[in-house]
Every structure is written in structure tokens, then in C-alpha cells.
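Here are some exercises to help you find your way around a new structure. Try each task on your own, then read the worked solution below it.

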Amino acid sequence: MSTMGNPANIFWHENPVGKAEREKMLNQQGCVVWITGLSGSGKSTLACSLGRELQSRGKLSYVLDGDNLRHGLNKNLGFSPESRTENIRRTGEVANLFADAGLICIASLISPYRKDRDACRALLPDKKFIEVFMNMPLQLCEDRDPKGLYKLAREGKIKGFTGIDDPYEPPLNCEIELQLKDGIVPTPHEMAGQVVSYMENGGFLEA
């Protein structure tokens, strides 16, 4: 999917301004908050709520939304397993650059395959990859169906739709799992608060 240059002719150029200096200036630690889950599970809603909460605390973040990326960076990719893998690979590389810049990068994508998410985690050192699993029941997501995609998938008009005729592989060791509480979906503010609390306890919100 991506072309490989000759490694013998490619050299890494060091920047005299390092990540630690950028983090000190921003008073935060660059990291990636990777939100994964089924379509309709609330990933984008959480990403926006989290971004707003961080902004209110004076922390600089940026949201990489899966659908938005397919309007630009990933617009030449489809939904085959190979294209999905390349979609996540590209997003992971960009998220890593944001984290290296000292930002809190919030990536919101279905990212159905475990190996692809693990490959993105491997890009970041020192536990700077925070995987957030939106563990919402398929029936709830299908009842919401905000984009009408489940209906199309059930009618056979969309093939390879995650959760219907293509698998979603849930995380095995995610940092945060968000799910129903007594059968009720937590509010976006509550879920964002849980992520922020994790980040505070981990020292991400200070240099």
C-alpha cells in the first residue's frame, strides 16, 4: 500500500529542539489517547468532549477523527482489511508526530483489528499510548445508527461493515474501558472526566 525507499539513502535529521523542551513550554506530556469501538459507540462524541475539557484546563490537544481523515490523508483508501490496516498505520504515524510535538493527540477511529492498534502503540515510548475502549453493546450502537450505516449493512448494501459481517477485535489490555453503568450510558462529560482523571494520575497534564 505504501512505497518503500532505499533505507541506505535515507537519513534521520535530528532537531536541536527536543520533545522535552516542547513539553516544558506547554506544561504537559505529549501522548496519544486512542479511542476505539464500534460505529455509533460514541467515539467522536467522547473525543470532542475530552478536547473541550482539556482546553478548559489550558492543555493543547488535537482530534484525529477517522471520518475526517478519510476526506484528506486517507481519502484514497477503501475498507478492505488491507486498506483498514493502512488507514490505521497512517493515522498512528501522524498521532506519533503530534505526541512528539508535545500535544495530546486524541485519535477516534473504529480501528477494528488488534494488531493494527498494537502497532500504533509500539510507535510511542514510555507508556504514552492510552487506549480507550468504548465497550458499548452492538444493539445499542445499531439502535443509535447516527449515520444510517447499520441499516444499509443489514440490507446488504454495505459489505464488510464492522460488527455485522466484519469482526471487531476488542482490546485485551486497554488503559481505560468505558461501558454501561446499571444499563445506562454515562454522559460524555462523565466519560471525558474519567479519561482526564487517568491522565492527571499519570502525570500527563504537567511537564
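## Exercise 1: A residue in helix α4

Thr91 sits in helix α4, which covers residues 81-100. Keep in mind throughout that this is a predicted model.

**Task.** Find out whether Thr91 is buried or exposed, and list which residues it touches beyond its close sequence neighbours.

**Solution.**
- Step 1: The relative accessible area of Thr91 is 1%. Buried means under 20%, so Thr91 is buried.
- Step 2: Leave out residues up to four places away in sequence; Thr91 then touches Trp34, Leu64, Leu69, Asn74 and Leu109.

## Exercise 2: The largest nonpolar core

**Task.** Work out how many residues the largest nonpolar core has, and which helix or strand gives the most to it.

**Solution.**
- Step 1: The largest nonpolar core has 29 residues. Those with the most contacts inside it are Val33, Ile35, Leu46, Leu50, Ile130, Val132 and Met199.
- Step 2: At least two residues of this core come from each of β1 (31-37), α2 (43-56), β3 (104-108), β4 (129-134), α7 (149-154), β5 (176-178) and α8 (188-201).
- Step 3: With 5 residues, α8 gives the most to this core.
- Step 4: Another core lies apart from this one; it has 13 residues, including Ile88, Ala95, Leu109 and Phe129.
- Step 5: As background, nonpolar side chains in soluble globular proteins tend to be buried together.

## Exercise 3: Leu46 up close

**Task.** Describe where Leu46 lies, and say which residues it is in contact with once neighbours within four places in sequence are set aside.

**Solution.**
- Step 1: Leu46 is part of helix α2.
- Step 2: Its relative accessible area is 0%, so Leu46 is buried.
- Step 3: With neighbours within four places in sequence set aside, Leu46 is in contact with Ile35, Val132, Met134, Leu178, Pro188, Met191 and Ala192.
- Step 4: For a residue farther off, look at Arg22: Leu46 and Arg22 are 24 residues apart in sequence, and their C-alpha atoms are 26 Å apart in space.

## Exercise 4: Two helices that pack

**Task.** Describe how α2 and α8 pack, giving the angle and the distance between their axes.

**Solution.**
- Step 1: The two helices pack at an angle of about 60 degrees, and their axes are 9 Å apart.
- Step 2: The crossing of α2 and α8 is right-handed.
- Step 3: On the α2 side, the residues are Thr45, Leu46, Ser49, Leu50, Glu53 and Leu54. They meet Pro188, His189, Met191, Ala192, Val195 and Val196 in α8.
- Step 4: Sorted by class, the contact of α2 with α8 has 8 nonpolar, 3 polar and 1 charged residues.

## Exercise 5: Positive phi values

**Task.** Ser111 and Asp182 each have a positive phi. Decide for each one whether it is buried or exposed.

**Solution.**
- Step 1: Most residues other than glycine have a negative phi.
- Step 2: Phi of Ser111 is near 40 degrees. Ser111 lies in the loop between β3 and α5 (114-123).
- Step 3: Ser111 has a relative accessible area of 3%, so it is buried.
- Step 4: Phi of Asp182 is near 55 degrees. Asp182 lies in the loop between β5 and α8.
- Step 5: Asp182 has a relative accessible area of 81%. Exposed means over 50%, so Asp182 is exposed.

## Exercise 6: Strand β4 and its surroundings

**Task.** Place Glu131 in the structure and name the residues in contact with it, leaving aside neighbours within four places in sequence.

**Solution.**
- Step 1: Glu131 lies in strand β4.
- Step 2: At a relative accessible area of 3%, Glu131 is buried.
- Step 3: Leaving aside neighbours within four places in sequence, Glu131 is in contact with Trp34, Thr36, Arg117, Arg121, Pro171, Cys174, Glu175 and Ile176.

## Exercise 7: An annotated span

**Task.** Say which residues UniProt assigns to the feature "domain: APS kinase", and how much of that span is helix and how much strand.

**Solution.**
- Step 1: The unreviewed UniProt entry places this feature at residues 29-178.
- Step 2: The span is 41% helix and 17% strand, and its end C-alpha atoms lie 23 Å apart.

Notes:
Residues are numbered from 1 along each chain as its sequence is written. This is a predicted model: local features need pLDDT of at least 70, side-chain atom pairs count only at pLDDT 80 or more; totals for chains, interfaces and linings use all residues. Side-chain values use heavy atoms; hydrogens and water are left out. A nonpolar core is a set of buried Ala, Val, Leu, Ile, Met, Phe, Trp, Tyr and Cys residues joined through side-chain atoms within 4.5 Å. Buried means under 20% relative accessible area, exposed over 50%, partly exposed in between (1.4 Å probe, protein chains only). Helices (H or I, at least four residues) and strands (E, at least two) are DSSP runs, numbered from the N terminus. UniProt positions are given in the numbering used here, feature names are shortened, and annotations may be inferred rather than shown by experiment. Axes are lines fitted to C-alpha atoms, for helices over the stretch in contact, and angles run from 0 to 180 degrees between N-to-C directions. A crossing is left-handed if the near helix is turned anticlockwise from the far one by less than a right angle, and right-handed if clockwise. Contact means heavy atoms within 4.5 Å. Ala, Val, Leu, Ile, Met, Phe, Trp, Tyr, Cys and Pro count as nonpolar, Asp, Glu, Lys and Arg as charged, and the others, Gly among them, as polar.
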